[in-house]
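Trainee: I've just opened this one and could use a guided tour. Can we go through it question by question?

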Amino acid sequence: MIVVMRLGHRRLRDARVTTHVCLTARAFGADAVWVDTPDSELEKAIAGVVDRFGGPFELRTGVPWKKAVKDFNGVKVHLTMYGMPIDQALPAVRKAARGRSVMIIVGASKVPGEIFGSADFNIAVGNHPHSEVAALALTLDRLSRGAWARKTFKGASVAVRPHARGKDVVHLKAKRARAEEE
Ligand SMILES: C[S@@+](CC[C@H](N)C(=O)[O-])C[C@H]1O[C@@H](n2cnc3c(N)ncnc32)[C@H](O)[C@@H]1O
(Lines give C-alpha, C1' and ligand atoms only; values in the text may rest on other atoms or scores of the structure.)
Protein backbone atom coordinates (compact mmCIF):
# COMPACT_ATOMS: atom_id res chain seq x y z
CA MET A 1 0.00 0.00 0.00
CA ILE A 2 1.24 3.48 -0.86
CA VAL A 3 -0.31 6.45 0.90
CA VAL A 4 0.53 10.08 0.24
CA MET A 5 0.37 12.39 3.27
CA ARG A 6 -0.28 15.98 2.22
CA LEU A 7 0.76 18.53 4.83
CA GLY A 8 -0.19 22.16 5.22
CA HIS A 9 -3.11 22.17 2.77
CA ARG A 10 -4.82 25.57 2.62
CA ARG A 11 -8.36 25.07 1.28
CA LEU A 12 -8.50 28.09 -1.02
CA ARG A 13 -4.88 28.70 -1.89
CA ASP A 14 -3.93 25.06 -2.48
CA ALA A 15 -7.20 23.82 -3.96
CA ARG A 16 -5.76 23.24 -7.42
CA VAL A 17 -2.36 21.87 -6.42
CA THR A 18 -3.79 19.48 -3.81
CA THR A 19 -6.29 18.25 -6.40
CA HIS A 20 -3.32 17.61 -8.67
CA VAL A 21 -1.48 15.81 -5.87
CA CYS A 22 -4.51 13.49 -5.58
CA LEU A 23 -4.88 12.97 -9.34
CA THR A 24 -1.16 12.29 -9.70
CA ALA A 25 -1.15 9.92 -6.73
CA ARG A 26 -4.09 7.97 -8.16
CA ALA A 27 -2.79 7.84 -11.73
CA PHE A 28 0.74 6.83 -10.74
CA GLY A 29 -0.11 4.00 -8.40
CA ALA A 30 -0.72 5.32 -4.88
CA ASP A 31 -3.68 3.81 -3.06
CA ALA A 32 -4.65 6.80 -0.95
CA VAL A 33 -4.04 10.44 -0.14
CA TRP A 34 -4.48 11.76 3.37
CA VAL A 35 -4.80 15.53 3.67
CA ASP A 36 -4.35 17.26 7.01
CA THR A 37 -7.06 19.92 6.53
CA PRO A 38 -10.76 18.98 6.22
CA ASP A 39 -11.93 19.76 2.67
CA SER A 40 -15.29 18.47 1.46
CA GLU A 41 -14.93 20.16 -1.95
CA LEU A 42 -11.72 18.27 -2.60
CA GLU A 43 -13.37 15.02 -1.50
CA LYS A 44 -16.26 15.65 -3.90
CA ALA A 45 -13.96 16.44 -6.82
CA ILE A 46 -11.82 13.31 -6.35
CA ALA A 47 -14.87 11.09 -5.74
CA GLY A 48 -16.13 12.28 -9.15
CA VAL A 49 -12.86 11.27 -10.82
CA VAL A 50 -12.87 7.84 -9.13
CA ASP A 51 -16.50 7.36 -10.14
CA ARG A 52 -15.71 8.13 -13.79
CA PHE A 53 -12.21 6.72 -14.21
CA GLY A 54 -12.20 3.97 -11.57
CA GLY A 55 -10.49 2.95 -8.39
CA PRO A 56 -9.93 1.84 -5.78
CA PHE A 57 -8.50 5.09 -4.46
CA GLU A 58 -9.13 6.63 -1.08
CA LEU A 59 -9.03 10.30 -0.16
CA ARG A 60 -9.25 11.24 3.51
CA THR A 61 -9.18 14.85 4.61
CA GLY A 62 -8.90 16.29 8.11
CA VAL A 63 -6.32 13.67 9.05
CA PRO A 64 -4.31 14.72 12.13
CA TRP A 65 -0.86 14.49 10.55
CA LYS A 66 1.23 14.05 13.69
CA LYS A 67 -0.68 10.97 14.75
CA ALA A 68 -0.94 9.65 11.17
CA VAL A 69 2.82 9.89 10.65
CA LYS A 70 3.66 8.53 14.11
CA ASP A 71 1.25 5.58 13.89
CA PHE A 72 2.01 4.66 10.28
CA ASN A 73 3.28 1.10 10.21
CA GLY A 74 5.57 1.26 7.21
CA VAL A 75 8.32 3.25 5.57
CA LYS A 76 8.01 7.04 5.70
CA VAL A 77 9.52 8.96 2.81
CA HIS A 78 9.53 12.75 3.00
CA LEU A 79 10.02 14.56 -0.30
CA THR A 80 12.09 17.68 0.18
CA MET A 81 14.57 19.63 -1.88
CA TYR A 82 16.95 19.40 1.11
CA GLY A 83 17.05 15.61 1.16
CA MET A 84 19.31 12.99 -0.36
CA PRO A 85 19.23 12.66 -4.14
CA ILE A 86 16.55 10.16 -5.17
CA ASP A 87 18.90 8.00 -7.25
CA GLN A 88 21.22 7.61 -4.27
CA ALA A 89 18.43 6.92 -1.77
CA LEU A 90 16.22 4.59 -3.80
CA PRO A 91 18.06 1.29 -3.27
CA ALA A 92 17.77 1.70 0.51
CA VAL A 93 14.13 2.81 0.25
CA ARG A 94 13.25 -0.19 -1.92
CA LYS A 95 14.99 -2.53 0.52
CA ALA A 96 13.20 -1.01 3.52
CA ALA A 97 9.86 -1.04 1.68
CA ARG A 98 9.96 -4.71 0.68
CA GLY A 99 6.63 -6.18 1.85
CA ARG A 100 5.75 -3.02 3.75
CA SER A 101 3.49 -0.03 3.23
CA VAL A 102 4.99 3.29 2.17
CA MET A 103 3.93 6.77 3.21
CA ILE A 104 5.14 9.57 0.93
CA ILE A 105 4.97 12.94 2.68
CA VAL A 106 4.68 16.14 0.65
CA GLY A 107 4.25 19.69 1.86
CA ALA A 108 2.29 22.67 0.61
CA SER A 109 3.92 25.56 2.44
CA LYS A 110 6.89 25.16 4.78
CA VAL A 111 6.68 21.77 6.48
CA PRO A 112 7.17 21.44 10.26
CA GLY A 113 10.82 20.74 11.04
CA GLU A 114 10.01 17.60 13.01
CA ILE A 115 8.99 15.83 9.79
CA PHE A 116 12.67 15.61 8.87
CA GLY A 117 13.23 13.56 12.02
CA SER A 118 10.02 11.49 11.78
CA ALA A 119 10.71 10.34 8.23
CA ASP A 120 12.81 7.27 7.55
CA PHE A 121 14.09 8.95 4.40
CA ASN A 122 14.30 12.60 3.33
CA ILE A 123 14.53 12.49 -0.43
CA ALA A 124 15.17 15.18 -2.99
CA VAL A 125 14.11 15.01 -6.60
CA GLY A 126 16.92 17.35 -7.50
CA ASN A 127 18.11 19.85 -4.86
CA HIS A 128 16.17 22.72 -6.37
CA PRO A 129 12.72 24.04 -5.48
CA HIS A 130 9.90 22.89 -7.75
CA SER A 131 6.55 21.28 -7.14
CA GLU A 132 5.15 18.55 -4.91
CA VAL A 133 3.25 17.28 -7.95
CA ALA A 134 6.44 16.84 -9.98
CA ALA A 135 8.32 15.34 -7.03
CA LEU A 136 5.49 12.91 -6.32
CA ALA A 137 5.14 11.83 -9.95
CA LEU A 138 8.83 11.11 -10.35
CA THR A 139 9.06 9.30 -7.01
CA LEU A 140 6.08 7.04 -7.77
CA ASP A 141 7.51 6.30 -11.19
CA ARG A 142 10.96 5.45 -9.81
CA LEU A 143 9.60 3.43 -6.88
CA SER A 144 7.42 1.28 -9.14
CA ARG A 145 9.99 1.20 -11.95
CA GLY A 146 7.24 2.35 -14.28
CA ALA A 147 4.77 -0.39 -13.25
CA TRP A 148 2.07 2.23 -12.60
CA ALA A 149 1.48 2.34 -16.35
CA ARG A 150 0.14 -1.23 -16.29
CA LYS A 151 -2.22 -0.61 -13.37
CA THR A 152 -5.88 -1.33 -14.10
CA PHE A 153 -8.73 0.52 -12.45
CA LYS A 154 -12.06 -1.02 -11.47
CA GLY A 155 -15.61 0.33 -11.64
CA ALA A 156 -14.94 3.08 -14.18
CA SER A 157 -17.83 4.54 -16.16
CA VAL A 158 -15.55 5.91 -18.88
CA ALA A 159 -12.25 4.93 -20.42
CA VAL A 160 -10.00 6.72 -22.85
CA ARG A 161 -9.06 4.80 -25.95
CA PRO A 162 -5.65 6.08 -26.99
CA HIS A 163 -5.83 7.93 -30.25
CA ALA A 164 -3.16 9.61 -32.33
CA ARG A 165 -5.50 12.54 -32.97
CA GLY A 166 -8.65 13.69 -31.24
CA LYS A 167 -10.52 12.24 -28.28
CA ASP A 168 -12.00 8.78 -28.03
CA VAL A 169 -13.88 8.16 -24.79
CA VAL A 170 -15.79 4.92 -24.23
CA HIS A 171 -18.79 5.03 -21.87
CA LEU A 172 -18.48 1.75 -20.04
CA LYS A 173 -21.41 1.76 -17.65
CA ALA A 174 -23.87 2.80 -20.37
CA LYS A 175 -22.36 0.10 -22.53
CA ARG A 176 -22.74 -2.49 -19.78
CA ALA A 177 -26.31 -1.38 -19.03
CA ARG A 178 -27.21 -1.58 -22.73
CA ALA A 179 -25.65 -5.04 -22.97
CA GLU A 180 -27.71 -6.16 -19.95
CA GLU A 181 -30.93 -4.78 -21.48
CA GLU A 182 -30.34 -6.60 -24.77
C1 LIG B 1 6.35 24.18 -3.32
S2 LIG B 1 7.26 23.36 -2.11
C3 LIG B 1 7.29 24.47 -0.76
C4 LIG B 1 8.49 24.27 0.08
C5 LIG B 1 8.64 25.30 1.19
N6 LIG B 1 8.99 26.58 0.63
C7 LIG B 1 9.70 24.84 2.17
O8 LIG B 1 10.67 25.50 2.37
O9 LIG B 1 9.51 23.74 2.73
C10 LIG B 1 6.06 22.17 -1.60
C11 LIG B 1 6.55 20.76 -1.51
O12 LIG B 1 7.09 20.36 -2.77
C13 LIG B 1 7.99 19.27 -2.55
N14 LIG B 1 9.24 19.61 -3.27
C15 LIG B 1 9.57 20.77 -3.85
N16 LIG B 1 10.77 20.69 -4.42
C17 LIG B 1 11.21 19.44 -4.20
C18 LIG B 1 12.39 18.73 -4.56
N19 LIG B 1 13.37 19.30 -5.24
N20 LIG B 1 12.52 17.45 -4.19
C21 LIG B 1 11.53 16.84 -3.48
N22 LIG B 1 10.38 17.45 -3.12
C23 LIG B 1 10.23 18.73 -3.48
C24 LIG B 1 8.17 19.15 -1.05
O25 LIG B 1 7.39 18.07 -0.57
C26 LIG B 1 7.65 20.49 -0.53
O27 LIG B 1 7.18 20.40 0.78
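Trainee: Not counting residues up to four places away in sequence, which residues does V93 touch?
Mentor: Keep in mind that this is a predicted model. V93 lies in helix 4, and the C-alpha atoms of V93 and L143 are separated by 8.5 Å although the two are 50 residues apart along the chain. With residues up to four places away left out, the ones V93 touches are V77, F121, I123 and L143.

Trainee: Is V93 buried or exposed?
Mentor: The cut-off for buried is under 20% relative accessible area. V93 has 1% relative accessibility, so it counts as buried.

Trainee: Where do the buried residues of helix 4 sit around its axis: on the same side or on opposite sides?
Mentor: Helix 4 covers residues 86–97, and its buried residues are I86, A89, L90, V93 and A97. A bit of background helps: an α-helix has 3.6 residues a turn, so residues three or four places apart point the same way. The buried residues here cover an arc of only 120° around the axis, so they end up on the same side of helix 4.

Trainee: And which exposed residues are carried by the face of helix 4 turned away from its buried side?
Mentor: Start with the buried side: its residues pack against strand 4 (74–85), strand 5 (101–106), strand 6 (121–124) and helix 6. Turn to the face pointing away from that side, and the exposed residues you'll find are Q88, P91 and K95.

Trainee: Which residue with a positive phi follows helix 4?
Mentor: Helix 4 runs over residues 86–97, so look just past that stretch. The residue there has a phi near 70°, and it is G99.

Trainee: I also noticed R145. What is its phi, and is R145 buried or exposed?
Mentor: R145 is found in the loop between helix 6 (132–144) and strand 7 (158–160). Its phi is positive, about 50°, although R145 is not a glycine. The cut-off for exposed is over 50%, so with a relative accessible area of 62%, R145 is exposed.

Trainee: How do helix 1 and helix 6 run: roughly parallel or roughly antiparallel?
Mentor: The axes of helix 1 (residues 15–27) and helix 6 come within 9 Å and cross at roughly 10°. Angles under 35 degrees count as roughly parallel. Therefore helix 1 and helix 6 are roughly parallel.

Trainee: How many residues of that contact are nonpolar?
Mentor: Helix 1 brings V17, H20, V21, T24 and A25, while helix 6 brings E132, V133, L136, A137 and L140. Sort them by type and you get 1 charged and 2 polar, and the nonpolar ones number 7.

Trainee: Let's move to strand 2. Which residues is V33 in contact with, leaving aside its neighbours within four places in sequence?
Mentor: V33 lies in strand 2 (residues 32–35). At 0% relative accessibility, V33 counts as buried. Leaving aside those sequence neighbours, its contacts are V4, R6, C22, A25, F57, E58, L59 and R60.

Trainee: E58 and R60 are both in that list. How far apart are they, N to O, in their salt bridge?
Mentor: Side chains of opposite charge can pair when their charged atoms come close. R60 counts as partly exposed at 38% relative accessibility, and E58 is partly exposed too, with 30%. Their side chains meet in a salt bridge, and the N to O distance is 3.1 Å.

Trainee: Which residue of the salt bridge between D14 and R10 counts as buried?
Mentor: The side chains of D14 and R10 meet at 2.8 Å, N to O. R10 has a relative accessible area of 28%, so it is partly exposed. The other one has 6% relative accessibility and therefore counts as buried: D14.

Trainee: How many salt bridges does the structure hold?
Mentor: We've met two residue pairs by name, R60 with E58 and D14 with R10. R161 and D168 also meet in one, at 3.0 Å, N to O. The number the structure holds is 8.

Trainee: One more: which peptide bond is cis?
Mentor: Look in the loop between helix 2 (40–53) and strand 3 (58–61), which is the place of P56. The bond has omega near 0°, and it runs from G55 to P56.

Notes
Residues are numbered from 1 along each chain as its sequence is written. This is a predicted model: local features need pLDDT of at least 70, side-chain atom pairs count only at pLDDT 80 or more; totals for chains, interfaces and linings use all residues. Side-chain values use heavy atoms; hydrogens and water are left out. Helices (H or I, at least four residues) and strands (E, at least two) are DSSP runs, numbered from the N terminus. Buried means under 20% relative accessible area, exposed over 50%, partly exposed in between (1.4 Å probe, protein chains only). A salt bridge is a side-chain nitrogen of Lys or Arg within 4 Å of a carboxyl oxygen of Asp or Glu. Axes are lines fitted to C-alpha atoms, for helices over the stretch in contact, and angles run from 0 to 180 degrees between N-to-C directions. Angles under 35 degrees count as roughly parallel, over 145 as roughly antiparallel, 65 to 115 as roughly perpendicular and the rest as oblique. Contact means heavy atoms within 4.5 Å. Ala, Val, Leu, Ile, Met, Phe, Trp, Tyr, Cys and Pro count as nonpolar, Asp, Glu, Lys and Arg as charged, and the others, Gly among them, as polar. The arc is that of the directions from the helix axis to the C-beta atoms.
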